[in-house]
Amino acid sequence: MPSLLFKCIPFIHPKPHPFPLSHLTAMCTKTKTRLRGVVFDMDGTLTVPVIDFSSMYKAVLGETEYRRIRQENPSGIDILHLIESWSPDEQRKANEIILDFERLGRERLQIMPGAAELCGFLDSKKIRRGLITRNVKEAVDLYHQRFEIVFSPALSREFRPYKPDPAPLLHICSTWDVQPNEVMMVGDSLKDDVACGKRAGAFTCLLDEKGRYGSADFTELDLEPDFKVASLAEVHSLLETNFDLMP
């Protein structure tokens, strides 16, 4: 697992702090770690959340089954993984419902505040930008076209296996010819984005706009992000403060 190295003692190998940099007080001088690329989630990270996932899951599963599965999985439902074990006909119907919800989401697509500025900053430093989403390629193409911000590689759920498997992030690292510990994964899902980043060996940053996640969630899933921020603007500060940004 990547970590930041400190010059002072006894803080030789500290546990990465999960909270926003704005809440921290510098205790000693850091030796900055090289960072060569940043990979983003899309829905809820680069875009304002508009898909009603709870309604989607209820439409796919039915109210009773949704409540049962939700109770058994308080950290969230992985609907794509769940329906893989269904019959072909059931999968077809479920995918039609999911696509309908995603289509409505594309109609209301909005860029996340701070996304354009953060991408501009990364471009100024010649830091690579990639994207991994469990949404479809059509949604990624629309984002590129509408906001004129292009990520490469940009992997949608047509790339298998998808998050939280580390394969898409490792694929991007291979394409860039960089090591995973020279990359940061930024996303709003602990169980998908942070899990993907951790399993790949990358730095992880959890975007938590509404303060949904706390230490109990990290303990329950045995997943703790290296950084936790409330906005993309904080990612900008975090990168400048903690990393040597080199292409």
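Modeller: Before we start, a term: buried means under 20% relative accessible area, exposed means over 50%, and partly exposed is in between, with a 1.4 Å probe and protein chains only. This is a predicted model, in which local features need pLDDT of at least 70, side-chain atom pairs count only at pLDDT 80 or more, and totals for chains, interfaces and linings use all residues. Residues are numbered from 1 along each chain as its sequence is written, and side-chain values use heavy atoms, with hydrogens and water left out.

Colleague: Thanks! Why is Phe-203 called buried?

Modeller: Its relative accessible area is 2%, and the cut-off is under 20%, so Phe-203 counts as buried. Phe-243 also has a value of 2%, so the term applies there too.

Colleague: What makes Phe-203 and Phe-243 an aromatic pair, and of which kind?

Modeller: Rings of Phe, Tyr and Trp (its six-membered ring) pair if their centres lie within 6.5 Å; planes under 30 degrees apart are stacked, over 60 edge-to-face, and the rest tilted. Here the centres are 4.9 Å apart and the planes make 80°, so the pair is edge-to-face. Phe-203 sits in strand β8 and Phe-243 in strand β10, 40 residues apart; strands (E, at least two residues) and helices (H or I, at least four) are DSSP runs, numbered from the N terminus.

Colleague: And what makes Phe-227 and Phe-243 edge-to-face?

Modeller: With 6.0 Å between centres and 65° between planes, they meet both limits, so the label holds. Phe-227 belongs to β9 and Phe-243 to β10, so this pair ties together parts 16 residues apart in sequence.

Colleague: How do you know that Arg-129 lies over the face of Phe-151?

Modeller: A charge sits over a ring if NZ of Lys or CZ of Arg is within 6 Å of the ring centre and within 35 degrees of the ring normal. Arg-129 is at 4.8 Å from the centre of the Phe-151 ring. Phe-151 also belongs to a cluster linked by ring pairs, with Phe-40, Tyr-143 and Phe-147.

Colleague: How do you know that β4 and β7 pair?

Modeller: Two strands pair if DSSP finds at least two bridges between them. Four bridges join β4 to β7, so they qualify. Both strands belong to an open parallel sheet, ordered β6-β5-β4-β7-β8-β9.

Colleague: Why do β6 and β9 count as edges?

Modeller: Each has a single partner strand, so one side of each is left without a neighbour in the sheet.
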